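Student: Could you take me through one part of this model closely, and then show me how that part sits in the rest of the chain?

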Amino acid sequence: MTKAVFLDRDGTTARDVHYCRKPEDFELLPTVPEAIRLLNENGFKVVVITNQSGIARGYFTEETLAQIHQKMTGELAKYGAWVDAIYYCPHHPDDGCECRKPKTALFHKAAEELNIDFKLSYVVGDMQMDIDAGKALGCKTVLVTTGPQPLVSSPKSPVSSPQPPIASPDYTARNLLESARWIVDNRG
Ligand SMILES: [Zn+2]
């Protein structure tokens, strides 16, 4: 059994552009290659789990998504970083599927295919659904504040001091590199 870091895509590893529809729209966030390489070097499987309802909505095809993910892996390769697998949910939120986060079917599929132990693993994302999925699996959780909006916000609460969410992450980081450093320093 191996340890893994499950990463969200949009808002966590890539700029959230509200439905990335073509490779030209896809852009890694600044610290991401270094962060993923650090996880690679420390023996973590790196697995991307992402909700891509734009497929069900007809905004882009699975073929285009594959091209977007080729761009992602190509950009990472320039820095000597890699992801071990990418899993996506293509369904609409109203479809009631078992794979759209915060449901955990894709995490279980990854664990089976890559022999991952959730108890040794981490979930990193910019949304409450990522934290909820991680908690349900027994993973440690890290919230990154690189998404389009803070997890919980109000006009009176600045981004730097959000209200505690319903399920609190184990750690809150400003970017993926800070997340990766915390994970490497805190691994059991
Ligand atoms: Zn699904």
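Tutor: Here is a walk that starts at one strand and moves outward from there.

A word on the ground rules comes before the details. This is a predicted model, so to speak a calculated one: local features need pLDDT of at least 70, side-chain atom pairs count only at pLDDT 80 or more, and totals for chains, interfaces and linings use all residues. Residues are numbered from 1 along each chain as its sequence is written.The part to look at is strand β2, residues 45-51; helices (H or I, at least four residues) and strands (E, at least two) are DSSP runs, numbered from the N terminus. Seven of the seven residues in β2 are buried, where buried means that 20 or more other C-beta atoms lie within 10 Å of the residue's own, exposed means 12 or fewer, and partly exposed is in between, with C-beta atoms placed from the backbone. Lys45, Val47, Ile49 and Asn51 point one way from β2, while Val46, Val48 and Thr50 point the other way.

Val47 is a good residue to zoom in on. Leaving out residues up to four places away in sequence, Val47 touches Ala4, Phe6, Leu7, Val83, Asp84, Ala85, Tyr87, Ala110 and Leu114; a contact here means that the C-beta atoms of two residues, placed from the backbone, lie within 7 Å. Val47 is also, with Val5 and Phe6, among the residues that have the most contacts inside the largest nonpolar core, which has 45 residues. Such a core is a set of buried Ala, Val, Leu, Ile, Met, Phe, Trp, Tyr and Cys residues joined through C-beta atoms within 7 Å. In soluble globular proteins, nonpolar side chains tend to be buried together.

Now for the strands beside β2. On one side, β2 and β3 (residues 85-89) run parallel and are joined by five bridges; two strands count as paired if DSSP finds at least two bridges between them. Within this pair, Val47 stands opposite Ala85 in β3. To get from β2 to β3 the chain passes through helix α2 (residues 62-77), and this β-α-β crossover is right-handed. Right-handed means that, with the strands pointing away from the viewer, the path from the first strand over the helix to the second runs clockwise. β2 is also parallel to β1, and four bridges join these two. There, Val5 stands opposite Val46 in β2. β1, α1 and β2 make a right-handed β-α-β unit as well.

Stepping back, these strands belong to an open sheet of six strands in the order β3-β2-β1-β4-β5-β6, with parallel pairing. Its edge strands are β3 and β6 (171-173), each of which pairs on one side only. From one strand to the next, the twist averages 20°, with axes taken as lines fitted to C-alpha atoms, for helices over the stretch in contact, and angles running from 0 to 180 degrees between N-to-C directions. The chain has five helices and six strands, and along the sequence they follow the pattern β-α-β-α-β-α-β-α-β-β-α. Of the contacts with a separation of 6 or more, 68% join residues 24 or more positions apart. Buried residues make up 39% of the 188 residues.

Further along the sheet, Lys140 is found in strand β5 (residues 140-144). Lys140 counts as buried because 23 other C-beta atoms lie within 10 Å. Beyond its neighbours within four places in sequence, Lys140 is in contact with Tyr122 and Asp170.

A few backbone details in the loops may interest you too. Most residues other than glycine have a negative phi, and most peptide bonds are trans. Tyr19, in the loop between β1 (4-7) and α1 (32-41), has a positive phi near 70°. Asn115, in the loop between α3 and β4 (122-125), has a positive phi near 60°. Tyr19 is partly exposed, with 13 other C-beta atoms within 10 Å, and Asn115 counts as exposed, with 11 C-beta neighbours inside 10 Å. The peptide bond from Lys101 to Pro102 is cis, with omega near 15°, and Pro102 lies in the loop between β3 and α3 (105-114).

Finally, a note on confidence. The mean pLDDT of the chain is 92, and 90% of its residues reach 70 or more; pLDDT is the predictor's confidence in each residue, from 0 to 100. Over residues 153-157, pLDDT stays under 50, and the model has four contacts beyond four places in sequence for them. Where pLDDT is low, the predicted coordinates should not be read in detail.
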